[in-house]
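Here is a short exchange about how some structural labels are earned. Each reply sets a computed value against the criterion behind the word.

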Amino acid sequence: MKKFNIRKVLDGLTSSSSSAASLQSGNRENDMIQETLQSEHFQLCKTVRHGFPYQPSSMAFDPVQKILAIGTQSGALRLFGRAGVECFCQHESGSAVIQLEFLVNEGALVSALADDSIHLWNLRQKLPAVLHSLKFNRERITFCHLPFQSKWLYVGTERGNIHIVNVESFTLSGYVIMWNKAIELSSKTHPGPVVHISDNPMDEGKLLIGFECGIVVLWDLKSKKADYRYSYDEAIHSVAWHHEGKQFVCSHSDGTLTTWNIRAPAKPAQIITPHGKQPKDGKKPEPCKPILKVEYKTTRAGDPFMILCGGLSYDTVGRRACLTVMHGKSTAVLEMDYPIVDFLTLCETPYPNDFQEPYAVVVLLEKDLVLIDLAQIGYPIFENPYPLSIHESPVTCCEYFADCPAEVIPALYSVGSRQKRQGFSKKEWPISGGNWGQGTLSFSEMIITGHADGSIKFWDASALMLQVLYKLKTAKVFEKPRSKEEKSSTEIVDEDPFAIQILSWCPESRVLCVAGVSAHVIVYRFSKQEVTTEVVQLLEVRMQCELNEVESPECGGEQASAVSTPGTQSSPQTSLPQSHPSTSSNNSSDGLRDNVPCLKVRSSPLKQSAGYQVELLIQLVWVSGEPPQQITSLAVNSAYGLVAFGNGNGLAVIDYLQKTLLLNMSIAELYGSTDPHHRQPRSPRKTRQPSAGLCDGNDASAAPEEKCKSPTGSGSPCNSDEDSKQKFIDRVKSKSKRISKTVANDFAKISRKINMIADQKDDARDNSFSRSRSSSVTSIDRESREVISSFYFCDSLSKKSETVAVPSLWVGTSLGSMLAIVLTVPSTPEQRMQQPLGVAFCGPVVRLKGGILRMAQLDASGTLLPHVYESWYEPNAPEEERERPQRRRPTSPPSSQENPDCQYAVVCSEKQAKVVAMPSQNCVYEHNITETSFVLRADVVTMTAGVGIACFCANGHIMTLSLPSLRPLLDVNYLPLTDMRIARTFCFSNQGQALYLTSPTEIQRITYIQETCDNLQEMLGELFTPVETPEAPNQGFFKGLFGGGAQSLDREDLFGEVSAGKASRSLAQHIPGPGGMEGMKGAASGVVGELARARIALDERGQKLGELEERTAAMMASADSFSKHAHDVMLKYKDKKWYQL
């Protein structure tokens, strides 16, 4: 972490450091502001991970603790208990988890990985850790089996051998079952990998081994030989026992199930093909797809359950994955939305030798987790309490709000509860283990996610939990094409035309504004009443850029379309999907799409339920055959009733109360005479013919003389020489090489999959989502066109001559300029609805390196001024009942003659942060955040100890700066930018919280504040809770008398080092886990209550043992007395005959 110096001006001292925060000498009073934030207030750590485990690969369930574990292809483990009890842990190797085995009711879990290692996890602590690891060197692991209440783990390998591991010490036993001993000696072929291992439910000394080729062996562990061998022509996928241990079922690759009696290995007792068509002539059914897994569960009162996945007929092409439940004579085929990864049957007893009494099935799908109730007719599913639907439609943007108004979450929950689906099982969620954490946060938190299908979800994220509150579908306001053939030719994206691009939400007023990828903006108001909107209020905006930023020589004709010039709109022929016809190039406007929006608005009445309801729809329109540019920045303000949005053409300000366009202008017009950039007239739209029509002027803003001329005219900038043209092309190509392929590809996907030719792929970054657009455009290519990158509404002293704060709009651009616009807003609600708003331009306030990301405002004491807002009121209430609250605006202390500056503007860009005194516009503090990278996300955040700036850089660093002095307080290399998803979704919030989408299905939350890190252990839930193991089933009198009950096995005597010897050291390597001693300490602290109970039990046991000892002594004395009396009687009658008695 770099050391930074701060220039102090009170005593006239300066220090020379290029990256130091600077204080201008004219504002010495500013140094008197006392800052409370210190570096010791910050620490970075992960808190919780929400969502569905990405790319799941395996699953296990503890039937006593009622905990579910899911492993993934990236080596992650997700553990689930009751709602709100979740845990995430990660294997260091990152290899796929191929199998999981719980040590039932022991608070431990064994994981087997694709890199041939097995690991023992300690779950008795809040953050599970690896206690032991064992890495196999010579054999690949294919299957593991851990019997109930056993410490010996069977490990099957690809070579067909079975090794045995002691899970307490994680050492290998010398006892090995070799494949050539298990199969018949007459067999000439290798049986293949071990695909199944299980012990006989009624005899622990008998081990059932399934080989891939179709051979099953019943192995006697004591005699070390095979009792029986069962052979079938088709490959085996899984095996399941009947609880009495006399039969087992195998599933095969041809879609058949074979049932075997253990004492009749010659042929199967039964062969069935559940989904095969039975021929009438008695021939063998047609082969079906493989049955990947089967489970055989018995009940006391009725028929057994046979549950399987796969086995469908090959003629069911395109049919979704199914789970088949066979119960008695009924067969239910349950279709799933995604392919099945694994399933488990939940049973009442953990003992395999008792009636299983199944009550539910857990089905792990590729993108979902489903629980099926087996006890109710129709097999309904349980309502899932976990937040696993984040990825229901891909997340395209995300915002995080901490310290929300207290009434917002209940209001959203109230309207969202009416959206819940019906038809769920009436029983409680069966995965109910663990306990919630004790500690809580004092503030409420909310997450809002925007999705590719146009939906928006509101989540309650308080207390490290996540629960969906309300879902809004923005696509309802548009007409949906029934098929691809009916798709409108004006759409600018191939897929997901309703995808959400940017969100702007005011929690106090509950006004929501969203920008979509089809260049549309929707304003929503929150209402508790249902309404029917006959016609959606629509406002069409025509935005067109008339100026270029760099000199860009081009020529007409075929060569002009080969290279896309920065600062110009790409031609329709190359930038639009192929479904759009090419634009005709003549002087008339016939054939050109002009003044038409990208999406068609719904024409029928729109029924809007309680919740968010459409207030206004804004659409950008095509201009002279060119599609509208996607929106890059958005802001809404309820106090002024305004929405501002911008793109590469300029900005527009909409009055959503009066439903009028207040402002529509280019960026150059914002600068006026103070424009620092050398802008050339806009190049004409490129066509494939040498002649082209005239470009339309901007609506009411462009002068006639500014219209573009034909490229064939003598005044065209295209008439430059070939050398300058070639230099320009080389410069563009050299800069494009600086973008990595991953970033370029991701930007191409993010920009709505517009079909670009190879040389235009780099231009796609201009159309990407706002979270990643400005960062990459500005930092990679400083000469690209200037776009609007951020907005900020506030009451400020934007003009140097002002003494009273007035409504203002601050505008940030991708080339580092911050400009100010003063707004004249009528004071009373009546005047506000009748009088037009006034606008005055103040020009640039300050310039920074890199694109502007965030702006905020401090008062004279350095306190963050809250944004101006209007409190929520019911918009559908009658006028006489409507109580419209007054606008809330921050108050600023009056300026004095000595120090006229009473506000500070905080501006953060991709490279720098500056604090500017207002209204003098003097830069009082400056800090260079990064020289070699660029900032992706920056937020001005409020914490208990003060206010600061939080930044996330593309090089993975998370940094915080104090305000107003911009002192570096935290700099941690946390997460390198490996995926544009992270850049698009990373966001900070108040109270030291942040989050990002770590995978397409998961949200990772982190904290960067010390207080939360210290209290994290208390807030996290506990996975392991002390629970008594159920009693073993009674054998019954006759079974105990005649030996028909379960046979136990002394595995310690059989597999221990004394009898089995030591295993080869080269076979596997033992690795002590990082959670060894630390894990034990955590476990000790996590089970304090259990130890206390154990002490009490020991005391009671000792007391009972003392009483037993006294009774035993009394019995011994009584026995001695009886023995003495018996001896005396014997002596008395010793020599007497029988007739003398």
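The questions below concern a predicted model, and the answers take up burial, strand pairing, contacts and nonpolar cores.

Q: Why is Asn122 called buried?
A: The relative accessible area of Asn122 is 4%, and the word buried applies under 20%, so Asn122 is classed as buried. This residue is found in strand E9, which covers residues 117–122.

Q: What makes the pair formed by the side chains of Asn122 and Gln125 a polar contact?
A: The side chain of Asn122 makes this contact with the side chain of Gln125 at 2.8 Å, and the limit for such a pair of N or O atoms is within 3.5 Å, so the value satisfies the distance part of the criterion.

Q: Why is strand E23 described as largely enclosed by the rest of the structure?
A: Strand E23 spans residues 291–297, and 6 of its 7 residues are buried, so the description follows from that count.

Q: How do you know that E23 and E24 are paired strands?
A: Pairing requires at least two bridges, and 6 bridges join E23 to E24 (residues 305–310), so the two strands qualify, and they run antiparallel. Within this arrangement, Lys297 has Phe305 of E24 as its bridge partner.

Q: What makes E25 and E26 a pair, and in which sense do they run?
A: Strand E25 (residues 322–327) and strand E26 (residues 330–335) share 6 bridges against a requirement of at least two, so they count as paired, in the antiparallel sense. Met326 is bridged to Thr331 in E26, while the hairpin of these strands has 2 residues between them, and Gly328 there takes a positive phi near 65 degrees.

Q: Why are the buried residues of helix H10 said to lie on the same side?
A: In H10, which runs over residues 1010–1019, the residues Thr1012, Cys1013, Leu1016 and Met1019 are buried. They cover an arc of only 115 degrees around the axis, which places them on the same side of H10. The buried residues of this helix pack against strands E2 (42–51), E62 (993–999) and E63 (1002–1009).

Q: Which residues touch the most other members of the largest nonpolar core?
A: This core has 35 residues, and those touching the most other members are Leu412, Met446, Ile456, Phe458, Trp505, Leu512 and Tyr612. Helix H2 (residues 408–416) gives the most to the core, with 5 residues. A second, separate core of 25 residues includes Ala954, Phe986, Tyr996 and Tyr1008.

Methods. Residues numbered from 1 in each chain as written. Predicted model: local features only at pLDDT ≥ 70, side-chain atom pairs only at ≥ 80, totals over all residues. Heavy atoms only, no water. Buried < 20%, exposed > 50% of the residue type's maximum accessible area, 1.4 Å probe, protein only. Helix = DSSP H or I, 4+ residues; strand = E, 2+ residues; numbered from the N terminus. Polar contact = N/O pair within 3.5 Å; in protein donor to acceptor, adjacent residues only side chain to side chain. Arc of directions from axis to C-beta. Contact = heavy atoms within 4.5 Å. Core = buried A, V, L, I, M, F, W, Y, C linked by side-chain atoms within 4.5 Å.
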